[in-house]
Amino acid sequence: MTTITRRNFLAGATALATAGLAAPALANTTVPSPIRIGTVFPARTGASFIRASVNDFIGTAGRMGALLADTQLGTGVEAQGARLDVLLSTSPTVEAAVRAGERLVETENICALVGGVGEGQAQVLAEIAARAQIPFFNVGETSDAFRREAASPYLFHIEASDAMYLDALGLLAAEQGLRRWAVVSDTGDRGAALADRAERAAEKSGCMIVGTVMVPPALPVYFAEIEELAALDADVIFVLADYQDQFPLMIQMEESGITTPTLSFPHSITQTRDFIAASRNRLPILNPRHRVALWDTTNTGPGAEDFNLQIRARYAEPADPTAWAAFHAIKIVIDTVMATGSTEAEAIIAHLEKPETTFDVAKGVDVSFRPWDHQLRQPLAVLEIDDEVVWRQLQLATRIDVARYTGSLPAGEPEDDVAQWLDVLGDGPEEA
């Protein structure tokens with residue numbers, strides 16, 4: 001655990017404010033001002049903290065990332081003679097997200113929209129941005145169906161896709177020698193799609209699925225399905241059920257005597273430290289010993305530690321993945337405006353789609369967007385769970401230390417083609 005001192009806090013602030021913001025040499029180096037970016041997140045506010053929904057926790061992290069971008073990246077923008085305005089809107093419901101998104105595009109003269117946390121919010125914000133003809137950066141929706149059905153020249157994905165997460169889980173299982181998989185998912189559309197895509201993940205990682213068990217969502221008792229699951233000769237159980245069903249399902253699996261190791265699908269809420277700690281405490285046997293995540297607050301790589309320290313110092317919270325996604329969505333917009341000298345959507349999109357355009361997002365390699373689905377190619381974090389740390393809600397150090405960053409996937413180092421190396425995760429143009 002890194003101790004936050006005034007010296008490393010200020011050093012981190014300087015690094016974040018200046019990293020990657022120097023514009024390349026251009027015929028016209030004038031930076032348009034102001035650069036106005038709209039954000040829409042569910043968030044905890046006032047007394048609602050007591051009645052906070054799941055999405056409020058994730059959305060609050062996104063809001064933290066946006067606020068940090070406004071203050072820290074704004075310093076770099078000012079050094080270029082321009083001004084950054086990050087506009088914040090709260091969206092506890094889909095209807096509120098519609099109102100917020102429409103207000104931002106109609107009255108605030110924004111050049112980009114960031115959001116997508118909470119069921120249905122990415123879909124409505126993508127539609128609003130497409131009508132307004134400005135880029136929308138999805139930082140919360142993982143669904144592959146959304147990527148196909150809402151495909152638009154204005155839609156870009158910072159959040160990883162279901163296919164990317166499944167492929168990363170497959171690589172992790174293969175690395176650990178867990179090659180015979182049992183899959184348990186729910187019968188909803190999303191659960192069925194995850195179970196189907198797991199077949200491809202197994203194929204790509206050189207593994208095999210020995211059986212798939214589908215359970216109805218929100219079922220209070222799973223013992224019949226668990227009996228079917230226990231009969232499978234598997235090295236690992238992939239738990240792909242919705243986050244709301246993971247606890248009751250896995251608790252009943254433990255009560256039924258199943259001891260086969262598990263890997264669980266990283267729904268956004270399950271990547272937070274609060275969920276990891278709750279799972280660790282409730283599932284002494286079946287809690288996954290390793291998890292895959294978009295980002296981890298204990299990553300100490302170049303740029304990563306500075307970002308994590310800033311979130312920690314400003315908000316006394318771990319840097320959950322949505323904070324990283326919101327911050328770097330805004331950073332990507334700023335980098336693009338600096339490079340093109342324009343806030344016009346046509347110029348921004350053309351730059352993002354260029355094969356040679358890459359961005360530093362503190363993940364160890366420069367990343368780019370896939371041309372066929374506008375998905376950000378990126379490594380995914382691997383976390384190891386620490387069962388010995390005593391969780392104390394009011395002690396930030398213990399909240400962070402329940403898990404630690406151990407590396408990323410794909411493993412190893414890229415050779416000549418970073419994009420091809422990162423495309424190991426997710427669907428190619430034919431599949432997408």
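These questions and answers go through a predicted model, asking what lies behind the terms used for its sheets, helices and single residues.

Me: What makes Val124 count as buried?
Reply: The cut-off for buried is under 20% relative accessible area. Val124 has 15% relative accessibility, so Val124 counts as buried. Val124 has its place in helix H4 (residues 121–132).

Me: Which residues is Val124 in contact with, leaving aside its neighbours within four places in sequence?
Reply: They are Val94, Ala97 and Val98. As for Glu102, 22 residues from Val124 along the chain, the two C-alpha atoms are separated by 9.9 Å.

Me: Why is Pro34 called partly exposed?
Reply: Buried ends at 20% and exposed begins over 50%, with partly exposed in between. Pro34 has 29% relative accessibility and therefore counts as partly exposed. Pro34 lies in the loop between helix H1 (6–18) and E1. Leaving aside neighbours within four places in sequence, Pro34 is in contact with Arg83 and Asp85. Pro34 and Ile110 are 76 residues apart in sequence, while their C-alpha atoms are 9.4 Å apart in space.

Me: What makes E2 and E5 edge strands?
Reply: The open sheet of five strands has the order E2-E1-E3-E4-E5, with parallel pairing. Strand E2 (84–90) and strand E5 (155–157) each have a single partner strand, so one side of each is left without a neighbour in the sheet. From one strand to the next, the twist averages 25°.

Me: How do you know that E4 and E5 pair?
Reply: Pairing needs at least two bridges between two strands. Three bridges join strand E4 (residues 136–138) to E5, and the two run parallel. Phe137 stands opposite Phe156 in E5.

Me: Which helices lie across E1?
Reply: Helix H3 (residues 94–107) lies across strand E1 (35–41), E2 and strand E3 (112–115), and runs at about 175° to E1. An angle over 145 counts as roughly antiparallel, so H3 is roughly antiparallel to E1. Helix H12 (residues 321–340) lies across E1, E2, E3 and E4. Its angle to E1 is about 160°, which means that H12 too falls in the roughly antiparallel class.

Me: What is the order of strands in the open sheet of four?
Reply: The order is E7-E6-E8-E9, with parallel pairing. The edge strands are E7 (208–215) and E9 (262–264), each pairing on one side only. Neighbouring strands of this sheet are turned by 20° against each other on average, direction ignored.

Me: How do you know that E8 and E9 pair?
Reply: Three bridges join strand E8 (residues 236–239) to E9, and the requirement is at least two. The two strands run parallel, and Ile237 stands opposite Thr262 in E9.

Me: Which helices pack on or lie across E8?
Reply: Helix H9 (residues 243–255) packs on the sheet and touches E6, E8 and E9, with its direction at about 155° to that of E8. Helix H6 (residues 162–175) lies across strand E6 (180–186), E8 and E9, running at about 160° to E9.

Me: What makes H6 mostly covered?
Reply: Twelve of the 14 residues of H6 are buried. Among them are Met164, Tyr165, Leu166, Leu169 and Leu172.

Me: How does the span of H6 compare with what is expected?
Reply: H6 reaches 20 Å from its first C-alpha to its last, close to the 20 Å expected at 1.5 Å a residue. Just after H6, Gly177 takes a positive phi of about 75°.

Me: Why is H8 called oblique to H9?
Reply: Helix H8 (residues 223–230) and H9 pack at an angle of about 60°, with their axes 10 Å apart. Roughly parallel needs an angle under 35 degrees and roughly perpendicular runs from 65 to 115. An angle of about 60° is in neither range, so H8 is oblique to H9. H8 passes H9 in a right-handed crossing. Phe223, Ile226 and Leu229 in H8 meet Leu249, Gln252, Met253 and Glu255 in H9.

Me: What covers the buried residues of H10?
Reply: In helix H10 (residues 273–282), the buried residues include Phe275, Ile276 and Ala277. Their cover includes H9, strand E10 (290–293), strand E11 (380–385), helix H14 (396–401) and strand E12 (403–409).

Key. Residues are numbered from 1 along each chain as its sequence is written. This is a predicted model: local features need pLDDT of at least 70, side-chain atom pairs count only at pLDDT 80 or more; totals for chains, interfaces and linings use all residues. Side-chain values use heavy atoms; hydrogens and water are left out. Axes are lines fitted to C-alpha atoms, for helices over the stretch in contact, and angles run from 0 to 180 degrees between N-to-C directions. Contact means heavy atoms within 4.5 Å. Buried means under 20% relative accessible area, exposed over 50%, partly exposed in between (1.4 Å probe, protein chains only). The expected span of a helix is 1.5 Å times one less than its number of residues. A crossing is left-handed if the near helix is turned anticlockwise from the far one by less than a right angle, and right-handed if clockwise.
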